[in-house]
Structure formats: C-alpha cells, structure tokens
Amino acid sequence: MLAVEYEDNVLFVKVDTDDEYELAQDMQVRGLPTLYFISPDPNKNAIRTEGLIPREMIKNIIDNEM
C-alpha cells in the first residue's frame, strides 16, 4: 500500500535473504523484517529497523526523516 501511496517519491526494494545471503550478511540482517531507510541526501544517515513496525511509523520516517 505504501509503495502505491509514495510511488513518485520513494523506491521500495524487497530482497530475498535466502537468495541474497551475502548482501543480507553485509547489511547485518539478523531478523526479519529488517527495513533500511536511505535518504537521497548523502548527509543523512540511514535509518534501520528490525521487526514488525506499524505502517504509521514507516510513514513518519519517510515524511519526517528522509
């Protein structure tokens, strides 16, 4: 739903950690789901969450932190 809502502003990428084991290891994915929010602004740090988080929290990160 959020991919549709933010389709012009946000790129959502889903990675199968079984198929992309090395990437998951490099990104320190220990639990699922793990979300990374990466801003187009190189001066902002990425935000990482692990575990299920509410939709409104995801929206808040996108709207206010990115």
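Lys59 lies in helix α3 of this predicted model. Its relative accessible area is 16%. The residue therefore counts as buried, since the cut-off is under 20%. Beyond its neighbours up to four places away in sequence, Lys59 touches three residues: Leu2, Glu5 and Tyr6. Two of these partners, Leu2 and Tyr6, also belong to the largest nonpolar core.

That core holds 7 residues in all. Its members are Leu2, Tyr6, Phe37, Ile53, Ile58, Ile61 and Ile62. Helix α3, which covers residues 55–65, gives the most to the core, with 3 residues. In soluble globular proteins, nonpolar side chains tend to be buried together.

Phe37 is one of the core residues. With neighbours within four places in sequence left aside, Phe37 is in contact with Ala46, Ile47, Thr49, Ile58, Ile61, Ile62 and Met66. Among these partners, Ile58, Ile61 and Ile62 are themselves members of the core.

Ile53 is another core member. The residue lies in the loop between β2 (47–50) and α3. Its relative accessible area is 16%, so Ile53 counts as buried. Outside the range of four places in sequence, Ile53 touches Leu35 and Ile58. Ile58 also belongs to the core. Asp19 is 34 residues from Ile53 along the chain. The C-alpha atoms of this pair are separated by 24 Å.

The overall fold comprises 3 helices and 2 strands. Read along the sequence, these elements follow the pattern α-α-β-β-α. The C-alpha trace spans about 30 × 30 × 20 Å along its principal axes. The protein has 66 residues, of which 20% count as buried. Among contacts with a separation of 6 or more, 29% join residues 24 or more positions apart.

The protein exposes about 5,500 Å². Carbon and sulfur atoms supply 50% of this area. The charge count is 6 positive and 14 negative. The mean positions of the two sets are 6 Å apart.

Strand β1 covers residues 34–37 and includes Thr34. Thr34 has a relative accessible area of 16% and is therefore classed as buried. Its side chain reaches the backbone oxygen of Gly31 at 2.4 Å. Leaving aside neighbours within four places in sequence, Thr34 is in contact with Val29, Arg48, Thr49 and Glu50. Thr49 is also listed among the contacts of Phe37.

The loop between α2 (21–26) and β1 contains Pro33. A cis peptide bond joins Leu32 and Pro33, with omega at about -5°. Gln28 is found in the loop between α2 and β1 as well. Although Gln28 is not a glycine, its phi is positive, at about 60°. The relative accessible area of Gln28 is 49%. Exposed residues need over 50%, so Gln28 is partly exposed.

Two further loop residues were examined. Val15 is found in the loop between α1 (2–5) and α2. At 38% relative accessibility, Val15 counts as partly exposed. Val15 touches Glu20 and Leu23, not counting residues up to four places away in sequence.

Asn45 lies in the loop between β1 and β2. With a relative accessible area of 66%, Asn45 is exposed. Asn45 and Arg30 are 15 residues apart in sequence. In space, the two are 20 Å apart, C-alpha to C-alpha.

Methods:
Residues numbered from 1 in each chain as written. Predicted model: local features only at pLDDT ≥ 70, side-chain atom pairs only at ≥ 80, totals over all residues. Heavy atoms only, no water. Core = buried A, V, L, I, M, F, W, Y, C linked by side-chain atoms within 4.5 Å. Buried < 20%, exposed > 50% of the residue type's maximum accessible area, 1.4 Å probe, protein only. Helix = DSSP H or I, 4+ residues; strand = E, 2+ residues; numbered from the N terminus. Contact = heavy atoms within 4.5 Å. Areas by Shrake-Rupley, 256 points an atom, 1.4 Å probe, with all protein chains shown as cover. Lys, Arg positive; Asp, Glu negative; His and termini not counted. Charge placed at Lys NZ, Arg CZ, Asp CG, Glu CD. Polar contact = N/O pair within 3.5 Å; in protein donor to acceptor, adjacent residues only side chain to side chain.
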